[in-house]
Amino acid sequence: MGQKINPLGFRLGENQSHHSLWFAQPKSYCRGLQEDEKIRDCIKIYVQKNMRISSGFEGIAHIEIQKKMDLIQVIISIGFPNFLIEGGTRGIEELQMNVQKGFHSANRRLNIAITRVAKPYGQPNILAEYIARQLKNRVSFRKAMKKAIELTEQADTKGIQVQIAGRIDGKEIARVEWIREGRVPLQTIRAKIDHCSYTVRTIYGVLGIKIWIFVDEQ
């Protein structure tokens, strides 16, 4: 069961919480989910177009959305907020204006806040983006996975598992390759596991990246 269910949903209410915090009636629930998806897509597209940093990727750990009667609060946890810090409030205001254009709501105003992740390479989304960029640059998949594990060790994690599936290295037959370092107890509910699934498009096909990080045990 540990590999057949999303580790985050498996631990909701125990040591994981939702990234979207709001309540809606059954008839308007679907519309609320579509709003969240539009907000996240607008933020990611803006970051991809405007971020220029040495690491070369966005570094968004996760986006939390809190909805109230007259306010939508968006909290972006990002590992390398250089483009926003250098621009000060101007960068955040520009981001907020771009998201507001793609998301139309007359009754509620939008407010965006930025929080910096202390140890960015302890976040699975940031590691997946790093591996995806290495694969696009034709770096060996084993070298990319081992380098990601080395970066994770700097974040004081207890274990990590990285999996890549698809036509790896352009081979005709798709396969799954994975590597693990430390402990990753997927079936233990009290163990906090951060997980992400990431899709990368290469010149020889689409690859899927999955990362499990064992953070702590309660």
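Here is a walk through this structure, from its overall layout to a few single residues.

The model is predicted. The protein holds 6 helices and 8 strands, and read along the sequence they follow the pattern α-β-α-β-β-α-α-β-α-α-β-β-β-β. Of its 218 residues, 43% are buried. Take the contacts between residues at least 6 apart in sequence: 65% of them join residues at least 24 apart.

Let us start inside the protein. In soluble globular proteins, nonpolar side chains tend to be buried together. Here the largest nonpolar core has 28 residues. Leu-127, Ile-131, Leu-135, Ile-164, Ile-209 and Ile-211 are the residues with the most contacts inside this core. Which elements give two or more residues to the core? They are H5, H6, S5, S8 and strand S7, which covers residues 191-202. The largest share comes from H5, with 7 residues.

Ile-211 is a good place to pause. Leaving aside residues up to four places away in sequence, Ile-211 touches Pro-124, Leu-127, Ala-128 and Ile-131. The list of residues that Ile-211 touches also includes Ile-160, Gln-161 and Val-162, as well as Asp-194, His-195 and Cys-196. Elsewhere there is a second, separate core of 15 residues, and Ile-43, Ile-63, Ile-78 and Val-99 are among them.

Next, have a look at helix H6, which runs over residues 141-153. From its first C-alpha to its last, this helix of 13 residues reaches 19 Å, close to the 18 Å expected at 1.5 Å a residue. Which residues of H6 are buried? They are Phe-141, Ala-144, Met-145, Ala-148, Ile-149, Leu-151 and Thr-152. Seen down the axis of H6, these buried residues fall within an arc of 160°, so they line one face of the helix. A general rule helps to picture this. An α-helix has 3.6 residues a turn, so residues three or four places apart point the same way. On the other side of H6, Lys-143 and Glu-153 are exposed. What covers the buried residues of H6 includes helix H5 (124-136) and the strands S5 (159-166), S6 (175-182) and S8 (205-217).

Two loop residues deserve a visit too. Most residues other than glycine have a negative phi, and most peptide bonds are trans. Asp-156, in the loop between H6 and S5, has a positive phi of about 60° although it is not a glycine. Is Asp-156 buried or exposed? Asp-156 is exposed, with a relative accessible area of 56%. Asp-169 likewise has a positive phi, near 60°, and its place is in the loop between S5 and S6. Asp-169 is partly exposed, at a relative accessible area of 40%.

Finally, turn to the aromatic rings. A pair of aromatic rings is described by the distance of the centres and the angle of the planes. A search of the whole structure finds 1 aromatic pair. Trp-22 and Tyr-29 form this pair, with 5.5 Å centre to centre and 40° between the planes. The arrangement is tilted, because the angle is neither under 30 degrees, which would count as stacked, nor over 60, which would count as edge-to-face. Tyr-29 is partly exposed, with a relative accessible area of 43%. Trp-22 has another partner: Lys-67 lies over the face of Trp-22, at 4.6 Å from the ring centre.

Key: Residues numbered from 1 in each chain as written. Predicted model: local features only at pLDDT ≥ 70, side-chain atom pairs only at ≥ 80, totals over all residues. Heavy atoms only, no water. Helix = DSSP H or I, 4+ residues; strand = E, 2+ residues; numbered from the N terminus. Expected span 1.5 Å × (residues − 1). Buried < 20%, exposed > 50% of the residue type's maximum accessible area, 1.4 Å probe, protein only. Arc of directions from axis to C-beta. Contact = heavy atoms within 4.5 Å. Phe/Tyr/Trp six-rings, centres within 6.5 Å; stacked < 30°, edge-to-face > 60°. Lys NZ or Arg CZ within 6 Å of the ring centre and 35° of its normal. Core = buried A, V, L, I, M, F, W, Y, C linked by side-chain atoms within 4.5 Å.
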